[in-house]
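Please walk me through this structure in continuous prose, beginning with the ligand and its surroundings and then moving to individual parts of the chain.

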Amino acid sequence: MTKYIGQSMRRFEDPRFLRGKGRYVSNLELPNLAYMAIVRSPHAHARIKSIDTSKAAALPGVVAVFTGKDLIDDGVGSLPSGWNVPGIKVPMHYPLTADKARHVGDAVAVVVAEDPYIAEDAVELVKVDYEPLPAVVDARAATEQGAPRVHDEVADNVSFHWPLGDKEATDKALKEADKVVELDLVNQRLIATAMEPRAAMAEWNDATGELTLWTTSQNPHIIKWVLSLVTLHVPEHKIRVISPDVGGGFGSKIPHYPEEVIVPWVARAIKRPVKWVATRSESAVSDTQGRDHITIARMGLKNDGTITAIKVETWANMGAYISLVASLIPTAFYVTVLSGAYKIANIFGEVWGTFTNTVWVDAYRGAGRPEGAFVVERLVHTAAQALGMDPAEIRRKNFIQPNEFPYQTPVAFLYDSGNYPALLDKVLALSNYDKLRADQKKARDAGRLVGIGLATCIESSGAAPSAVVGTLGSVVGFWETASIRVHPSGQVSVHTGAHSHGQGHETTFAQITADQLGIPPENIDIVHGDTTAVTQGMGTYGSRSTAVGGTAIVKAAAKIRAKAIKLAAHLLEAAEQDMVYDQETGKVYVKGVPDKAKTIGELSFAAYQAHNLPEGMEPGMEDLAYHDPGNFTFPSAAHVVQVEIDRETGQVEIQHYTAVDDCGNVINPMIVEGQVMGGIAQGTGQALLEHGYYDENGQLIAGNLLSYAIPRADLFPSVTLGSVVTPSPVNPLGVKGVGEMGTITSTPAVTNAVMDALSPLGITNLDIPLTPDKIWRAIQAAENGG
Ligand code: MCN
């Protein structure tokens, strides 16, 4: 049925990226541009007694210096929280802090100069008189009596407490269980490390009062709304936000950032365009970070391996401020996935979101769902060990069965579709699981530390519907728009509110449109990332763009086809109900008379000519659709990993990696493979390497790429990929999201493999990242008693 969907078409965007022809914010220039640099706090917690800007202002080439007071006195608003769980405390977060610095990197003042080097020099000349205060960095310690207060008005540092599920029933089930396994888990702080650091450039037109802001955002329309309604108070119709090519985001480019307010404000103040580009080390202390949970998790089981209950307590580190969607992540994106792929009668989870003197936290690839999957999959692995069961068998025993969809979990979600036994069968077959186990036995007999890890996970992607997310705390809705303009030539522009920053929408969205209209993808342009070019849009995150944005395209295309049919009937003097739109060729013909036809190109030309239109038809061939999804989609994945640990060094070698995914119908298998591979690399990075580590004074110890270990190609053997397809009934494309599935599943799979390797030594739980040092010490302790 489909001609282009399902094809591994090469990405249309890649030639420009690979040849260095992308248009990133930092590449853009404007006449008379001034450059901004930011004075950031070196202290994790300090009262600001005074700021002396005189020396910086006197440096030749410096245009102006501003402090927080300048912005606040001018009425600039506090950065908002866009997701408000009940009872949440959201303290003020001004773009430049004026009273206290609350994390290393908190922005205190800005310098504007004729070139970026002078601006950097002048930053050194701004004298801030700080009174250092004690800092707190640990999410749970922050709630203890006597802990330093991050915000003077929040006595216990708790922003919110969020329970979900039946506590009484879960406690009872745990009491009655044959076996209870308990784990203390740390899901460590991560730094997103997108390839392109953040940047912003702004221009004010004094004559018209118009602001244009170029910013590295995943959701430029949301930034426009917030700039107008909350922070800058500029009329919305006077603001244009452009996020051109953006080099990766992974969630860290969702929030509304201080620089998106300061740069335009300064441009208006000095009557010149202004640009700011973050350095890599600056990004480490000013981009939102991810994860950072401390969890106590319990699972109750029958002796036969049936899971009867899960109970979870989590302290989620919010950092120093509440970021745009931060309170969603450890709540409605976390506790709600604790059922995983399993039928579990009793689930209860509660979360404390706490303030600490660390960089503020927001979405990072998976955002809440990796943390949830990690808890469930580590518990399942540990339970299998405790009961002496094979980890594949305990999973199979507890899976939701294919005939049980739609499946209602005890923690709010209604899963759309899936076939978890088929996923497991496929990954076991592709990985040659029985042979891996036999080889492991031989290796163990020879004294080698070989481990096999499994994870079978689900994800909730494409948040929906707007009315429901509204009841959960969202300020905005999660619909998407698409407008399709068939030009007089028959070529097409599709304007989408989704934002591609690496995902390849320019290709997959063209494939979707091509199959809807029968126009070759190379004649279709995907326009995104510009609030003037695109009507409205909610942007890209939560693996929503294909399920939600793709469906908006399908809806807009249906409107185009309807108009084309009406016009063709008129021109061919046939009845409208006798017309057929052939979506493969783009021809509209009279049923049974294929030669009596008009192409969509001819019809479009006729629609713009407007010489001979049916009575009442407007000229042109263009339409817009909003799509508000009826439910999330629930992709799933099963991974099998084999590792070997070098006893002498603690180094982990990944020897085999097999991943099977189900993201419903696939638009472009090559792109899906790329998404899964990238996700696996990121999730493995969390399991083995990455840690945004703060010392007890709140200094970020791993603040650049020399000290923050990201995964590199040599970590991986060749990865075997497979797929199972259970189309989603939630949208007409039958698609589910894929952008985060690899990340969600790989962290527990790799962790379980390492723990399996160490199990003969009696080591059952170590905190991630499983660095050689940590593993070596655990081996020494196990073998030598410490
Ligand atoms: N796709 C497909 N068939 C499906 C599902 C998806 O062909 N059944 C394709 C899509 O059309 C799209 C890509 O796969 O080209 C990812 O689609 P989707 O799962 O809908 O996710 P989004 O496009 O909404 O992207 C968001 C997701 C998230 S949440 C993070 S974080 C992430 C990710 O995508 N950040 C990325 N992948 C990334 N990839 C790159 N290169 N850079 C990032 O910052």
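The paragraphs below take up the ligand, then a helix, then some single residues, and finally the backbone geometry.

The model is a predicted one, and the ligand is a convenient place to begin reading it. Of the 31 residues that surround the ligand, those that come nearest are H505, S545, T546, Q675 and V738. Sorted by class, this shell consists of 18 polar, 9 nonpolar and 4 charged residues. Several polar pairs can be picked out in the model: an oxygen atom of the ligand lies 2.6 Å from an N or O atom in the side chain of H505, while a nitrogen atom of the ligand is found 2.8 Å from a polar backbone atom of N665. A nitrogen atom of the ligand is also 3.2 Å from a polar backbone atom of G502. Taken alone, the ligand would expose 830 Å², and the protein buries 95% of that area. Which elements give two or more residues to the shell around the ligand? They are α14, covering residues 505-517, α15, covering 545-571, and α17, covering 669-688. Of the elements, α17 gives the most to the shell, with 3 residues.

A helix elsewhere in the chain, α9, can be described by its length and its burial. Helix α9 runs over residues 369-387, which makes 19 residues, and its first and last C-alpha atoms are 27 Å apart, close to the 27 Å expected at 1.5 Å a residue. Is this helix enclosed or exposed? Of its 19 residues, 16 are buried, so α9 is largely enclosed by the rest of the structure. Just after α9 comes G388, whose phi is positive, at about 65°.

One residue of known distance to this region is Y24, which is found in the loop between α1 (14-18) and β1 (34-40). Y24 and A373 are separated by 349 residues in sequence and by 35 Å in space, C-alpha to C-alpha. With a relative accessible area of 21%, Y24 is partly exposed, because the buried class ends at 20%. When its neighbours within four places in sequence are left aside, Y24 is in contact with F17, E196, D245, V246 and G247.

Two strand residues can be read in a similar way. A46 lies in strand β2, which spans residues 46-52, and with a relative accessible area of 0% A46 is buried. Not counting residues up to four places away in sequence, A46 touches D99, K100, A101, Y130, E131, P132 and L133. The C-alpha atoms of A46 and A200 are separated by 27 Å, and the two residues are 154 places apart along the chain. S483, for its part, lies in strand β19, residues 480-486, and counts as buried at 12% relative accessibility. Beyond its neighbours within four places in sequence, S483 is in contact with S493, V494 and H495, and also with D623 and L624.

The backbone itself deserves a careful look. Most residues other than glycine have a negative phi, and most peptide bonds are trans. T193, however, has a positive phi near 55° although it is not a glycine; T193 lies in the loop between β8 (179-190) and β9 (199-205), and at 18% relative accessibility it counts as buried. H233 is another residue other than glycine with a positive phi, here near 60°, and its place is in the loop between α6 (220-231) and β11 (239-242). At 45% relative accessibility, H233 counts as partly exposed.

Where, finally, do cis peptide bonds occur in the model? A cis peptide bond joins F405 and P406, with omega about -5°, and P406 is found in the loop between α10 (391-398) and β16 (407-408). A cis peptide bond also joins I768 and P769, with omega about 0°, and P769 is found in the loop between α18 (741-758) and α19 (772-784).

Terms used
Residues are numbered from 1 along each chain as its sequence is written. This is a predicted model: local features need pLDDT of at least 70, side-chain atom pairs count only at pLDDT 80 or more; totals for chains, interfaces and linings use all residues. Side-chain values use heavy atoms; hydrogens and water are left out. Helices (H or I, at least four residues) and strands (E, at least two) are DSSP runs, numbered from the N terminus. The expected span of a helix is 1.5 Å times one less than its number of residues. Buried means under 20% relative accessible area, exposed over 50%, partly exposed in between (1.4 Å probe, protein chains only). A residue is near a molecule or strand if one of its heavy atoms lies within 4 Å of it. A polar contact is a pair of N or O atoms within 3.5 Å; within protein, one must be able to donate a hydrogen and the other to accept it, and residues adjacent in sequence count only if both atoms are side-chain atoms. Accessible areas come from the Shrake-Rupley method with a 1.4 Å probe; for residues, only the protein chains shown count as cover. Ala, Val, Leu, Ile, Met, Phe, Trp, Tyr, Cys and Pro count as nonpolar, Asp, Glu, Lys and Arg as charged, and the others, Gly among them, as polar. Contact means heavy atoms within 4.5 Å.
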